[in-house]
Amino acid sequence: MVMGRSPREKVAIVALKSVNWASRISRRGAGTVAGGRVGLRIAPTLLDSLARGRTIIVVSGTNGKTTTTALCVAGWGGDVTTNRTGANMPAGHVAALAGSSSEKVVLEADEAWLADVVRSANPKVVVLLNLSRDQLDRANEVRQMAERWRQCFTASENSKVLVVANANDPLVVYAASGAPNVSWCDVATNWTLDAQSCPRCTLPLRHTQNSWSCSCGLAKPASITTTLNGELYVGAETSALSLSLPGEFNRGNAAMAATALALVEVTLEESLPRMKAVTGVAGRYTVRSWNEHRVRLLLAKNPAGFDALLTTVPPGTSDVWIAINANIADGRDPAWLYDVAFEKLAGHHVWCFGDRRLDLATRLDYAGVAFHIVDDPKNLRVAQEPVNLLANYTAFQDWMARSEPC
Ligand SMILES: [Zn+2]
């Protein structure tokens with residue numbers, strides 16, 4: 001595979017590995033992004049070179065991309081290269097590819113970098129999960145993102161890419177419908193607030209129970225490859241779908257992962273049992289121990305993600321802990337809390353903490369949900385275990401560090 005690599009690219013790979021080695025030795029982290037940046041600085045074509053000759057699946061979307069990437073890796077089986085640390089921009093991709101020579105590759109890609117990754121890595125399959133508002137203080141408005149994706153998939157040099165796309169997300173359909181080869185997936189999408197008007201003509205969309213359409217002609221695609229209806233149908237294959245991960249949204253993620261894997265000749269019979277073995281993804285969904293309590297860690301970073309996770313909280317009066325920070329990685333503006341349907345938590349015992357606990361408490365007050373505010377997590381009380389803890393990005397990292405595997 002080294003064949004065809006330029007001297008500059010070879011030097012870049014050595015530099016990348018050296019930086020990552022130094023980073024690990026000095027305990028400053030895995031160093032994947034630092035090494036990747038150095039490598040790309042020396043050889044801007046490094047991703048193209050490292051990707052050549054491999055079979056690559058790229059996964060992108062606002063929510064679920066880390067989980068879907070993990071399901072693709074597990075479902076494929078054997079030695080699969082992936083950017084496990086969630087370093088989902090090109091620096092992370094080159095670090096992952098330089099660290100393994102496996103022919104099978106699954107890469108999670110940040111939405112804003114998808115077009116660059118497709119151009120450089122020349123993937124066989126691209127999975128487009130969903131698009132919704134996320135960190136609007138620093139990210140693109142979601143319609144601009146759909147437009148950039150569309151330009152990527154209508155470009156003639158990307159015409160061989162096999163696209164797996166969510167047929168129930170109008171923004172994804174608009175983005176993917178320019179691609180020549182699309183496998184449309186009819187999977188549940190309960191967040192439609194970012195697609196009230198047509199991404200093509202801006203007129204209001206008509207949403208019905210199982211479909212959507214616009215008078216301009218943009219509509220839910222009629223030719224569906226994958227359906228999740230109790231059972232999973234992918235093309236001519238049918239199978240029961242049983243996962244260890246919770247939530248209907250994860251069943252949708254698994255259905256799309258299985259569709260992508262079918263395009264690289266992995267059958268449902270092979271992929272689904274392997275996916276069932278996935279019980280957590282980088283700590284998410286796992287029950288961990290903290291102060292002798294069992295706590296299920298759930299990561300939600302934006303309104304659509306929060307709404308999906310709230311469906312996994314059982315009805316009743318259980319304890320729900322919510323930790324909200326507003327560091328750079330979270331987005332500095334917590335106004336997005338007003339887009340989350342916290343009203344669903346009425347009746348539960350909700351505890352607010354994290355740096356922006358007062359913003360959260362104000363939002364819960366408007367939602368009519370009773371709450372406690374704690375300045376120090378040591379003051380949290382537990383009536384029923386495991387308690388569900390919903391946290392946004394850096395708050396989740398705090399709790400991963402604070403808790404231990406059970
Ligand atoms: Zn329209």
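Begin by selecting strand β1 (residues 55-60) together with strand β4 (residues 125-128): the two pair in the parallel sense over four bridges. Within this pair, V59 stands opposite V127 in β4. The model on display is a predicted one.

Next, extend the selection to the whole sheet. It is open and has nine strands, ordered β2-β3-β1-β4-β5-β6-β9-β10-β11, with mixed pairing. Colour β2 (80-82) and β11 (237-240), which stand at the edges; each has a single partner strand, so one side of each is left without a neighbour in the sheet. From one strand to the next, the twist averages 15°.

Now add the helices that lie on the sheet. Helix α4 lies across β1, β2 and β3 (104-108), and runs at about 170° to β3. Helix α10 (residues 268-276) touches β10 (231-234) and β11, and its direction makes about 25° with that of β11.

Keep α4 (residues 65-76) in view and select helix α9 (residues 248-262): the two pack at an angle of about 45°, with their axes 9 Å apart. That angle makes α4 oblique to α9, and the crossing is right-handed. Show side chains where T67, T68, L71, C72, G75 and W76 in α4 meet N250, N253, A254, A257 and L261 in α9. By class, this contact has six nonpolar, five polar and no charged residues.

Finally, move to helix α1 (residues 7-25) and helix α5 (residues 90-98), which pack at an angle of about 95° with their axes 10 Å apart; α1 is therefore roughly perpendicular to α5. Here L16, K17 and N20 in α1 meet V94, A95 and A98 in α5. The contact has four nonpolar, one polar and one charged residues.

Terms used: Residues are numbered from 1 along each chain as its sequence is written. This is a predicted model: local features need pLDDT of at least 70, side-chain atom pairs count only at pLDDT 80 or more; totals for chains, interfaces and linings use all residues. Side-chain values use heavy atoms; hydrogens and water are left out. Axes are lines fitted to C-alpha atoms, for helices over the stretch in contact, and angles run from 0 to 180 degrees between N-to-C directions. Angles under 35 degrees count as roughly parallel, over 145 as roughly antiparallel, 65 to 115 as roughly perpendicular and the rest as oblique. A crossing is left-handed if the near helix is turned anticlockwise from the far one by less than a right angle, and right-handed if clockwise. Contact means heavy atoms within 4.5 Å. Ala, Val, Leu, Ile, Met, Phe, Trp, Tyr, Cys and Pro count as nonpolar, Asp, Glu, Lys and Arg as charged, and the others, Gly among them, as polar. Two strands pair if DSSP finds at least two bridges between them.
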